[in-house]
Amino acid sequence: MKSTNPVLARLGQAAERERAAGYAQPGPYGQPGYPQQYSPYPQQQPYPTGHGYPAAPPTVTPMTLDDVVVKTVLMLGILGVSAAAAWVLVPDALTGVAWIGAAVVGLVLGLIISFSRMANPALVVAYSIVEGVFVGMVSKTFENFYDGVVLQAVVATFGVFFLMAMIYKARIIRATPKFARIMVAIIAGLFGVMLINLVLALFGVNTHLRDGSPLAIGFSLVCIVVAALSFVLNFAEIEEGVRMGLPQRYSWTAAFGIVVGLVWLYLEILRLLSYFQGDD
């Protein structure tokens, strides 16, 4: 069955090409190889391998669910260490600069990873480090005003994530093509609203979306629900990627999607909790 996700469809085509290359045998005198079942040449290497047997054709190891879990945990570990280091090492006077700088660099890296057709572990690790600095600076700022809010947000974030994993496993919510289209439209709309709100805030215009008002609380609740539902798309894409036989290195891309969702969910929960902390 063809994937309804255009990114997965492109990655599936790349996987097919890599599997085809993996089953190709080298031709004589270094000429391009042919698929094993159609090769017009005897199945032997032009050069000895040392034991009198032809070398096995290269293979492409497919991605598994365990690969995604390991990469996700590794990314979260790197992000956590980076956040803790930034919290401790960056002076309070430079918190704002580090916050903005990490946000810009993380956004650029995230866009490159999202629109790239090839999985790049180095870029994903770099994103984890930079995003860790951003999360660390944001967390430190909120913790300075609202004692204990960071721990509450972390616990709530992972609680929501595991709840969505159980809901998806029980097939209570299914990632149908219609659901995916609606979610993509809503997420794009929310980020558009947040971007406009940020620009207006820079010019001193208060839209009341981020000031603790009832409108701000409602907006944060909507963002939290949408961020939680986005995990359904992540889980479905991972399942489909495993089914399509994507190469193992694409587990980095799948883990990247989960981490992005977790960071967004954490920031929204952190902001929502801060609204109820009072002014003391």
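Student: Why does R171 count as partly exposed?

Tutor: The model is predicted, and in it R171 has a relative accessibility of 31%. Buried would need a value under 20%, and exposed one over 50%. The 31% of R171 falls in between, so R171 is partly exposed.

Student: Where does R171 sit?

Tutor: R171 is in the loop that joins α5 (149-169) to α6 (177-202).

Student: What makes the phi of R171 worth a remark?

Tutor: The sign. Phi of R171 is positive, about 60 degrees, and R171 is not a glycine. Most residues other than glycine have a negative phi.

Student: Which value of phi does H208 have?

Tutor: H208 has a positive phi too, near 65 degrees, and is likewise a residue other than glycine. H208 lies in the loop between α6 and α7 (214-244).

Student: Why is H208 called partly exposed?

Tutor: Its relative accessible area is 39%. The partly exposed class lies between the 20% and 50% limits, so H208 belongs there.

Student: On to helix packing. What makes α6 oblique to α7?

Tutor: α6 and α7 pack at about 140 degrees, with axes 10 Å apart. Roughly antiparallel needs an angle over 145, and roughly perpendicular runs from 65 to 115. The angle of about 140 degrees meets neither condition, so α6 is oblique to α7. α6 passes α7 in a left-handed crossing.

Student: What makes α2 oblique to α8?

Tutor: The angle between α2 (65-89) and α8 (251-275) is about 50 degrees, and their axes are 8 Å apart. Roughly parallel means under 35 degrees, and roughly perpendicular begins at 65. An angle of about 50 degrees lies between those limits, and therefore α2 is oblique to α8. The crossing of α2 past α8 is right-handed.

Student: Why is α2 called oblique to α4?

Tutor: The axes of α2 and α4 (residues 121-145) cross at roughly 45 degrees and come within 7 Å. Roughly 45 degrees again falls between the limits of 35 and 65, so the pair counts as oblique. The crossing of α2 and α4 is right-handed.

Student: How do the residues of the contact of α2 with α4 divide?

Tutor: There are 13 nonpolar, five polar and three charged residues in that contact.

Student: Now the open spaces. What volume has the second largest pocket, and which residues are closest to its centre?

Tutor: The second largest pocket has a volume of about 510 Å³. Its lining has 20 residues, and L65, V69, F161, A165 and F235 are the closest to its centre.

Student: Which elements give two or more residues to the lining of the second largest pocket?

Tutor: They are α2, α5, α7 and α8. The largest share, seven residues, comes from α5. By class, the lining has 16 nonpolar, one polar and three charged residues.

Student: How many cavities of 30 Å³ or more are there?

Tutor: The count is one. The largest cavity has a volume of about 40 Å³. That value clears the limit of 30 Å³.

Student: Which residues line the largest cavity?

Tutor: I113, S116, M118, A119, N120, L123 and T253 do. The lining divides into four nonpolar and three polar residues, with no charged ones.

Student: What puts N120 of that lining in the polar class?

Tutor: The charged class holds Asp, Glu, Lys and Arg, and Asn is in neither that list nor the nonpolar one, so N120 counts as polar.

Definitions and conventions. Residues numbered from 1 in each chain as written. Predicted model: local features only at pLDDT ≥ 70, side-chain atom pairs only at ≥ 80, totals over all residues. Heavy atoms only, no water. Helix = DSSP H or I, 4+ residues; strand = E, 2+ residues; numbered from the N terminus. Buried < 20%, exposed > 50% of the residue type's maximum accessible area, 1.4 Å probe, protein only. 1 Å grid on protein atoms, 1.4 Å probe; cavity = no way out; pocket = protein on both sides within 12 Å on 5 of 7 lines; lining within 4 Å. Points joined across faces, edges and corners; volume = space filled by probe spheres on them. Axes fitted to C-alpha atoms, helices over the stretch in contact; angles between N-to-C directions. Left-handed = near helix turned anticlockwise from the far one by under 90°.
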